[in-house]
Structure formats: C-alpha cells, structure tokens
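Colleague: Could you walk me through this fold before I go back to the bench? I would like to ask about it piece by piece.

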Amino acid sequence: MYYTKKDLSDMGIRFGDNVRIHRTVLFFGDNVRIGSNVRIDCYSVISSGKPVILGNNIHIGAGGHIFGTEGVTINDFCNLSSRCSIFTASDDYTQGYMTNPTVAEIFKRVTCAPVVLEKHVIVGCGSIVMPGITLGMGAAVGAQSFVNKDVLEFHIVGGTPIRPLGYRNKDRLLEMESLFTDQMNKTK
C-alpha cells in the first residue's frame with residue numbers, strides 16, 4: 001500500500017521519519033526531499049527539476065500534482081487537498097508562440113519561477129497555484145481557486161482568479177502549533 005524506506009531510498013528520495021507515500025504516487029527527477037510525518041495520497045505526481053522540498057507534518061491529498069521545474073518549497077503543517085496542482089512553469093501561447101515539450105525553446109515563451117508555501121498553508125480541493133507564487137504563513141485558499149498572485153499571511157482567498165474572503169485566527173493557530181509541538185516532545 002505504501003512505499004517502503006528502501007523503495008524511497010532506491011528512487012533517490014531523501015526523507016525523514018513516519019513518511020507514508022502511497023505506491024501509486026509517481027516521482028520524476030531525483031531532487032525531492034521529504035521531512036517527517038508526511039503523507040502523500042494515491043495518484044499524486046511530484047516532478048523535480050530544481051529541489052522540491054516538503055517540510056514536516058505535510059499532507060498531499062489524492063491526485064495532487066507538483067511540477068517543480070523551478071523548485072517548490074512547502075513548509076511545515078501545510079495541506080494540499082485532493083486534485084491540487086502547483087506549477088513552476090507555464091507556457092504563454094499568445095502572440096504566436098508554440099507550446100509543449102516537443103517544441104524547441106526558441107519557438108516557445110515560458111514563464112518559470114519557484115513556488116513557496118509558508119507554514120500552515122491550506123490549499124483547497126482542485127485549486128491551481130501558478131509559477132512564482134508565495135502563499136504566506138497561515139494563508140488559506142478555497143476550493144477550485146486559481147492562484148495567480150501572492151497571498152498574504154493568514155489571509156483567506158478563493159475564486160478564479162482569487163479574491164479576499166477573510167482572515168484566519170493567527171493567535172489561535174500558533175497556540176495550537178505550540179500545544180502540538182509540546183505534546184509531540186513529551187511522547188519522544
């Protein structure tokens with residue numbers, strides 16, 4: 001059901017403790033680092049050109065896609081709901097440019113930039129995060145949203161394209177993190 005430690009090592013993936021990655025998850029590239037207490041559900045895809053770094057206590061729901069040509073960093077306590085996609089490259093097909101990987105670069109115009117999710121980010125089901133985006137600490141993105149601009153810390157956004165919807169409770173969230181960390185340290 002889940003890859004073994006040996007399976008992950010054989011794929012060149014560096015990882016921490018308590019990592020559960022379903023056997024249907026596909027990895028492309030050898031530049032993936034995974035922290036501890038990470039779960040990646042079935043039918044997800046992670047491709048890395050530059051490093052794709054997943055922190056601790058991360059969950060990626062079923063059918064999540066991370067296309068890390070330019071690198072992706074997902075910090076601790078983040079959650080990508082099912083069918084989310086993160087892109088670090090996007091073709092510009094306007095003004096007569098061609099697209100797809102079978103076409104030489106001189107005939108294409110591609111926007112490439114890394115994506116960063118700071119701690120405690122939530123990305124709702126079916127959302128798309130475009131190249132160069134930073135989702136600030138505690139940011140939350142509603143389901144089926146198109147994230148084409150940065151999201152400030154603890155802001156809640158949603159829609160296509162995104163618009164402000166509200167704010168998360170920063171003090172309570174950080175208090176919960178502290179309680180969680182204390183509890184985890186006691187069980188060690």
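Colleague: Let's start with a turn: which residue in the turn of the hairpin formed by E21 and E22 has a positive phi?
Modeller: Happy to help, and please keep in mind that this is a predicted model. Strand E21 (residues 155-158) and strand E22 (residues 163-167) run antiparallel and are joined by four bridges. They form a hairpin with four residues between them. The turn residue with a positive phi, about 110 degrees, is Gly159.

Colleague: Thanks! And which residue in E22 is the bridge partner of His155?
Modeller: His155 falls in strand E21, which covers residues 155-158. Its partner has to be sought in strand E22, residues 163-167. The bridge from His155 leads to Tyr167.

Colleague: Now the sheet of six strands: which strands stand at its edges?
Modeller: This sheet is open, its pairing is parallel, and its order is E1-E4-E7-E10-E15-E18. An edge strand has a single partner, so one of its sides is left without a neighbour in the sheet. That describes strand E1 (14-15) and strand E18 (134-135).

Colleague: Inside that sheet, what is the bridge partner of Val32 in E7?
Modeller: E4 and E7 pair in the parallel sense, over three bridges. E4 spans residues 32-34 and E7 spans 52-54. In E7, Val32 is partnered by Val52.

Colleague: How many residues does the largest nonpolar core have?
Modeller: Several strands feed this core: E2 (19-21), E4, E5 (38-40), E7, E10 (72-74) and E15 (115-117) each supply at least two residues. The residues with the most contacts inside the core are Ile34, Leu54, Ile66, Ile74, Leu117 and Leu135. Leu54, for its part, is in contact with residues including Ile34, Ile40, Ile46, Ile60, Ile66 and Ile74. The size of the core is 37 residues.

Colleague: I keep looking at two serines. Is Ser48 buried or exposed?
Modeller: Ser48 lies in strand E6, residues 45-48. Away from its sequence neighbours, Ser48 touches Phe28, Gly29, Asp30, Asn31, Val32 and Gly68. Its relative accessible area is 13%, and the cut-off for this class is under 20%. Ser48 is therefore buried.

Colleague: Which residue's backbone nitrogen does the side chain of Ser48 reach?
Modeller: The residues that Ser48 touches include Asp30, Asn31 and Val32. The distance from the side chain of Ser48 to the backbone nitrogen is 3.1 Å. That nitrogen belongs to Asn31.

Colleague: And what is the relative accessibility of Ser47?
Modeller: Ser47 also has its place in strand E6. Among the residues Ser47 touches are Phe28, Val52, Ile66, Phe67 and Gly68. Ser47 counts as buried, because its relative accessibility is 16%.

Colleague: Which strand gives the largest share of the lining of the largest pocket?
Modeller: The largest pocket holds about 370 Å³ of space. It is lined by 14 residues, and the closest to its centre are Thr69, Ala89, Ser90, Asp91 and Val110. Strand E13 (89-91) and strand E14 (110-112) each supply at least two lining residues. The largest share, three residues, comes from E13.

Colleague: Last one: how far apart are the C-alpha atoms of Asn56 and Ser44?
Modeller: Asn56 has its place in the loop between E7 and strand E8 (59-60), and at 29% relative accessibility Asn56 is partly exposed. Beyond its sequence neighbours, Asn56 touches Gly35, Ser36, Asn37, Asp76 and Phe77. Ser44 is 12 residues away from Asn56 along the chain, and their C-alpha atoms are separated by 18 Å.

Note on methods. Residues are numbered from 1 along each chain as its sequence is written. This is a predicted model: local features need pLDDT of at least 70, side-chain atom pairs count only at pLDDT 80 or more; totals for chains, interfaces and linings use all residues. Side-chain values use heavy atoms; hydrogens and water are left out. Buried means under 20% relative accessible area, exposed over 50%, partly exposed in between (1.4 Å probe, protein chains only). A polar contact is a pair of N or O atoms within 3.5 Å; within protein, one must be able to donate a hydrogen and the other to accept it, and residues adjacent in sequence count only if both atoms are side-chain atoms. Contact means heavy atoms within 4.5 Å. Two strands pair if DSSP finds at least two bridges between them. A nonpolar core is a set of buried Ala, Val, Leu, Ile, Met, Phe, Trp, Tyr and Cys residues joined through side-chain atoms within 4.5 Å. On a 1 Å grid over the protein atoms alone, a cavity is a set of points where a 1.4 Å probe fits but cannot get out, and a pocket is an open set with protein on both sides within 12 Å along at least five of seven lines; lining residues have an atom within 4 Å of a point. Grid points are joined across faces, edges and corners, and a volume is the space filled by probe spheres set on the points. Lists of a residue's contacts leave out its neighbours within four places in sequence.
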